[in-house]
Each structure stands twice: as C-alpha cells, then as structure tokens.
Amino acid sequence: MSVKPTKQRQRILEVIRDAKGHLTAEEVYKRLAIEDHSIGIATVYRNLKYLYDNDLVNRIQHPDFGYVYDSNLNQHYHFHCLSCNRIMDIEDMMHHELNKEVEEKFGGTVHSHMAYFYGICPECLAKQEDN
Ligand SMILES: [Zn+2]
Ligand SMILES: [Zn+2]
C-alpha cells in the first residue's frame with residue numbers, strides 16, 4: 001500500500017522533467033491519466049505540493065493558468081509570450097549583482113530575486129515575419 005504514492009510522485013516528477021517546460025497541474029494530470037486510469041486530479045495536486053515543498057520542482061505563476069511547474073531548479077528568469085501564451089526559461093542571464101545593489105539600497109539581505117519578461121518569443125516573431 002505504501003509503495004504506490006511514492007511511485008506516482010516519481011512519475012509526476014518524470015512527466016515534468018520530460019516536458020522540459022512549464023506544465024499546469026491539469027496538463028500533468030492529462031499526461032499521467034493516459035497510462036494510469038486510477039490517478040485522480042487531487043492526487044496530482046497533492047503530489048505537486050509535496051514536490052514543491054521538498055524543492056524537487058519549481059513553480060511560477062502563469063497569468064492565466066495559475067501555477068505552472070518547472071523541473072529547472074537553477075535560478076532563472078522567465079519569459080511570457082503574449083502571442084502563444086507560453087512561459088519559457090531565459091537561461092544564463094542571472095544578474096546576481098542586483099542582489100548586492102538592492103541590499104545596499106534596501107538595507108536588508110537579499111538571497112535571490114526573480115524576473116518575468118513579457119513580449120513575443122522568437123518562434124512567434126518568425127511566424128509573424130512569414131505572413
Ligand atoms: Zn510565442
Ligand atoms: Zn522555468
């Protein structure tokens with residue numbers, strides 16, 4: 001009996017890792033339901049919370065879809081495409097020096113920061129240019 005929850009959790013983690021993007025709980029559920037008809041959406045929510053609480057997945061807020069889950073645990077900025085509505089990672093762009101600047105101005109200590117960029121992604125830009 002005690003084996004099953006761990007197994008499901010492992011599968012949820014694999015689904016998020018395989019997606020290499022940002023999935024909502026419902027998207028995770030839909031992908032799992034194909035292979036496991038016994039799984040319920042509540043189980044997915046519960047396990048996602050566990051994975052997040054234990055630093056096994058990252059989550060960010062999508063403006064329309066609520067939380068989206070991310071297997072990329074490195075600190076990174078995000079980009080929201082206003083055309084295709086996807087959230088993408090911006091890799092290798094962390095401006096760690098900002099933490100120091102904010103500390104100096106604000107007077108506290110800064111451990112990390114996040115940034116969200118909005119615009120049109122390269123793929124959508126290319127499509128617009130084709131038309
Ligand atoms: Zn796009
Ligand atoms: Zn991300």
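This passage describes a predicted model, beginning with its domains and sheet and ending with its two zinc sites. Because the model is predicted, local features need pLDDT of at least 70 and side-chain atom pairs count only at pLDDT 80 or more, whereas totals for chains, interfaces and linings use all residues. Residues are numbered from 1 along each chain as its sequence is written, chains are lettered from A and ligands numbered from 1 in the order in which they are written, and side-chain values use heavy atoms, with hydrogens and water left out.

The protein is divided into domain 1 (3–70) and domain 2 (77–130), the bounds coming from an automatic or database domain assignment. The centres of the two domains, taken over C-alpha atoms, are separated by 24 Å. Across the boundary, nine residues of domain 1 are in contact with seven residues of domain 2, where contact means heavy atoms within 4.5 Å.

An open sheet of three strands has the order S1-S3-S2, and its pairing is antiparallel; S1 and S2 are the edge strands, each of which pairs on one side only. Strands (E, at least two residues) and helices (H or I, at least four residues) are DSSP runs numbered from the N terminus, and two strands are taken to pair if DSSP finds at least two bridges between them. Strand S2 (residues 58–62) and S3 run antiparallel and are joined by five bridges, and a hairpin of three residues leads from S2 to S3. Within this pairing, Gln61 has Tyr67 of S3 as its bridge partner, while His62 is matched with Gly66 in S3. On the other side, S1 and strand S3 (residues 66–70) pair in the antiparallel sense over two bridges, with His22 standing opposite Asp70 in S3.

Two helices show how residues are covered, with buried meaning under 20% relative accessible area, exposed over 50%, and partly exposed in between (1.4 Å probe, protein chains only). In helix H2 (residues 25–33), the buried residues are Ala25, Val28 and Leu32; seen down the axis of H2, these buried residues fall within an arc of 65°, so they line one face of the helix. The arc is that of the directions from the helix axis to the C-beta atoms. Thr43, found in helix H3 (residues 41–53), counts as buried because its relative accessibility is 15%. Residues up to four places away in sequence not being counted, Thr43 touches Gln8 and Ile12.

The zinc ion (ligand 1) is coordinated at 2.3 Å by the SG atoms of Cys81, Cys84, Cys121 and Cys124. Donors are N, O and S atoms within 2.8 Å of the metal (3.2 Å for Na, K and Ca), and sites may look incomplete because water is not among the atoms. In sequence, the donor residues of this ion follow the spacing C-x2-C-x36-C-x2-C. The four donor atoms subtend angles of 100 to 121°, which makes the arrangement tetrahedral, a description applied to four donors if all angles lie between 85 and 135 degrees. Of these cysteines, Cys121 and Cys124 are buried.

Ile120 is found in the loop between strand S6 (116–119) and helix H5 (122–130), and it counts as partly exposed because its relative accessibility is 33%. Leaving aside neighbours within four places in sequence, the contacts of Ile120 include Phe79, Cys81 and Leu125. Ile120 and Phe79 are 41 residues apart along the chain, yet their C-alpha atoms are separated by 8.8 Å.

The zinc ion (ligand 2) has as its protein donors His22 (NE2), Asp70 (OD), His76 (NE2), His78 (NE2) and Asp89 (OD), which lie 1.9 to 2.2 Å from the ion. These donor residues are spaced H-x47-D-x5-H-x1-H-x10-D in sequence. Distant parts of the chain are linked by the pair of His22 in strand S1 (residues 22–23) and His78 in strand S4 (residues 77–81), 56 residues apart. Both His22 and His78 are buried.

Note on methods:
Tetrahedral: all angles 85-135°; square planar, octahedral: opposite > 155°, others 65-115°.
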